[in-house]
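Subject: Handing over the structure

Hello,

Here is the structure I promised to pass on to you. Please have a look at it first, and then read on for what turned up.

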Amino acid sequence: MILRKATYTIALVTLLGLPAAALAQQTTPAPTGAVSFVTKAEPGQYRASQLVGVKIYNAKDENVGNVNDVLVDKKGTVVGVVIGVGGFLGIGEKNVALPYTAITWSDTTPAPAQPAAGAPAPAGTPSAAPGTPETQPVNQVRDYPARGMLAMTKEQLEAAPAFKYASEAVTQ
């Protein structure tokens, strides 16, 4: 019994004591030059998972819908953005799809409207102490846009043809 415990102990110590290099030799190295890895996202590159839910506004700064999906072809090119329009709280909403380039993406939200000089600020508006500048975020880099702008009215989007996914078009 003691001999068996000693054997297990020696085997365990030997396995745990192997240098990492010896274990690494058992893996197949990736081909060099065949694939280049992306090590970080650059400003202006958005995470597709974070585009879903971004609000879309028109030229009058009215919310005309939200991004429901992003369409990517087999080569990885973003070909369209599916926007949910109409309805209330998702009920009665329909999807329309537009080319990705039809939307102007913005990394910043517009500043709230400032009251006229001498007019009181609306209730709930944060204000700085007299004589101190308001603080603004400096060099804020986002992984997704704050909003999208579209040169269409809500009525034009609601009148647009409904978008169908390939799987829905086949079954109907």
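In which sense do strand E2 and strand E3 pair, and over how many bridges? Strand E2 (residues 63–72) and strand E3 (residues 78–85) run antiparallel to each other, and six bridges hold the pairing. Two of the bridge partners are worth finding on your screen: Asp69 is matched with Val82 in E3, and Val70 with Val81 in E3. Five residues lie between the two strands in this hairpin, and Gly76 there has a positive phi near 95°. Please keep in mind that this is a predicted model.

**The sheet**

Those two strands belong to an open sheet of six, ordered E4-E3-E2-E1-E6-E5, with mixed pairing. At its edges are strand E4 (94–98) and strand E5 (103–106), each of which pairs on one side only. From one strand to the next, the twist averages 35°.

Strand E1 (residues 55–57) also pairs with E2 in the antiparallel sense, here over three bridges. Ile56 has Gly65 in E2 as its bridge partner. The hairpin of E1 and E2 has five residues between the strands, and one of the residues to look at is Asp61, with a positive phi near 65°.

**Two salt bridges**

Asp61 comes up again here. How many salt bridges does a search of the whole structure find? There are two.

In one, Asp61 pairs with Arg147, and the closest N and O atoms are 2.4 Å apart. Asp61 sits in the loop between E1 and E2 while Arg147 is in strand E6, so this pair ties together parts 86 residues apart in sequence. Is each partner buried or exposed? Arg147 counts as buried, because its relative accessibility is 6%, under the 20% cut-off. Asp61, at 45%, counts as partly exposed.

Arg147 lies in strand E6 (residues 147–150). Leaving aside residues up to four places away in sequence, Arg147 touches several others, among them Val54, Lys55, Tyr57, Thr104, Trp105 and Pro110.

The other salt bridge joins the side chains of Arg47 and Asp143, at 3.8 Å from N to O. This pair also links distant parts of the chain, 96 residues apart: Arg47 is in the loop between helix H2 (20–24) and helix H3 (48–51), and Asp143 is in the loop between E5 and E6. Arg47 is partly exposed, with a relative accessible area of 42%, and Asp143 is partly exposed too, at 36%.

Happy exploring, and best wishes

Methods. Residues are numbered from 1 along each chain as its sequence is written. This is a predicted model: local features need pLDDT of at least 70, side-chain atom pairs count only at pLDDT 80 or more; totals for chains, interfaces and linings use all residues. Side-chain values use heavy atoms; hydrogens and water are left out. Two strands pair if DSSP finds at least two bridges between them. Helices (H or I, at least four residues) and strands (E, at least two) are DSSP runs, numbered from the N terminus. Axes are lines fitted to C-alpha atoms, for helices over the stretch in contact, and angles run from 0 to 180 degrees between N-to-C directions. Contact means heavy atoms within 4.5 Å. A salt bridge is a side-chain nitrogen of Lys or Arg within 4 Å of a carboxyl oxygen of Asp or Glu. Buried means under 20% relative accessible area, exposed over 50%, partly exposed in between (1.4 Å probe, protein chains only).
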